[in-house]
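Please open the model in a viewer and keep the selection panel at hand. The stops below are arranged as a tour of the sheet and then of the cores.

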Amino acid sequence: MREALSHIGSLDRDQWAAAWMAIGDRYQARAESELATNPAAARDDYHSAWSYYAFGRWPSPNSPGKKRSAAKAQAAFLAYGQLLEPKIEVLRIPFEGKEIVAYLQKPASGPKPPIVLDIGGVDEWKDAGADDGRAFLKEGIADVAVDMPGTGEAPLQGRPGTERMYSRLIDYLLTRSDLDGSRIVVRGVSWGSYWSARVAYANAGRLKGAVFQSGAVDAYFSRGWQDKALHTKEYLLDFVPSRLYILDQPSVEAMLDFMPTMSLKPLLDKPTPPMLVIGGVHDSQNPFSDLLLLLQSGSPKYAWLNPEGGHMGRSKTMDDGKIFDQVTLPWIVDRLNGR
């Protein structure tokens, strides 16, 4: 990290990408040299290469250098996935003349596993979701990681109604004889939570649960909140360009005009499967009032709220890992096991 940052002297996107890619290239070359004789070491070095390349395209691949880094990150992650046991299976599902690409991981043994459908966020795509999702395998649960609209390899931009791509993915999962498609929980983090909610509304009868963690509901999409949120201190750089990128908007003014169409308010009184709502009272990216509105509407819900928490509910005493291990994972395991 120190080495990469020592080569970054501005907010130039290609300079940012080049600094991280230089380190990623080093790990990539080492992994390739180890592949024939020490696949375990190669696996770990591919993972490191992916981590640095992913930093290089962060938060959005909106320059030539960042696009190169994104492509390298994807290639390194796929190489890493083929050296895991069990391997990561790449799903390619035809969809409206394009395809849905997802990463499937299954437990090595045991009965047909239930499924967590992991939806990525703005800057953490399906590769990061799959990396975190390996924790489910130890619980006998399969993980299917997929990009949110407007990111990665998603076939659609971020628009109301594009949750149909996830409904199509669920259709596919129901055809797999090696998976228990009758037990699926959809999980999203940050912006991915917005899509997990839409999936939950659209597939209420086909899901065992949904996780909504610091996502947007209604007030987030208002001009008043965006005037505040676009100056959040919780983001390092390129916060505004990353939002323009995922929503395919040419300017901030166009984005502000478009955003109210994304509100979940028309859906809130519709039924959902059991839903776990996670967040922090002091979130500067998504208004806490949105979580309260979600909790007060529609089907009964579960909640874990951190009075000291910021985005994702994290705080000095509760980091992302603790929230996942102590809140998200146990709840999902209980839902999928019928408890």
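A crossover is called right-handed if, with the strands pointing away from the viewer, the path from the first strand over the helix to the second runs clockwise. Helices (H or I, at least four residues) and strands (E, at least two) are DSSP runs, numbered from the N terminus. The model is a predicted one, in which local features need pLDDT of at least 70 and side-chain atom pairs count only at pLDDT 80 or more, while totals for chains, interfaces and linings use all residues. Residues are numbered from 1 along each chain as its sequence is written, and side-chain values use heavy atoms, with hydrogens and water left out.

Begin with strand 5, helix 7 (residues 191-202) and strand 6, which make a right-handed β-α-β unit. Strand 5 (residues 184-189) runs parallel to strand 6, and five bridges join the two; strands count as paired if DSSP finds at least two bridges between them. Within this pair, Val 189 stands opposite Gln 213.

Next, select strand 6 alone (residues 209-213). Five of its five residues are buried, that is, under 20% relative accessible area with a 1.4 Å probe and protein chains only (exposed is over 50%, partly exposed in between). Gly 209, Val 211 and Gln 213 point one way, whereas Ala 210 and Phe 212 point the other. In a regular strand the side chains alternate between the two faces of the sheet. On to strand 7 (residues 275-280): strand 6 pairs with it in the parallel sense over four bridges, and Gln 213 stands opposite Ile 278 there.

Now display the whole sheet. It is open, with eight strands in the order 1-2-4-3-5-6-7-8 and mixed pairing. Strand 1 (89-95) and strand 8 (301-306) stand at the edges with a single partner strand each, so one side of each lacks a neighbour in the sheet. At the strand 1 edge, select strand 2 (residues 98-105), which pairs with strand 1 in the antiparallel sense over seven bridges; Pro 94 stands opposite Glu 99.

Finally, turn to the nonpolar cores, each a set of buried Ala, Val, Leu, Ile, Met, Phe, Trp, Tyr and Cys residues joined through side-chain atoms within 4.5 Å. Which residues touch the most other members of the largest core? Of its 66 residues, these are Val 144 and Trp 191. Helix 7 gives the most to this core, with seven residues. Apart from it lies another core of 19 residues, including Met 21 and Trp 50.
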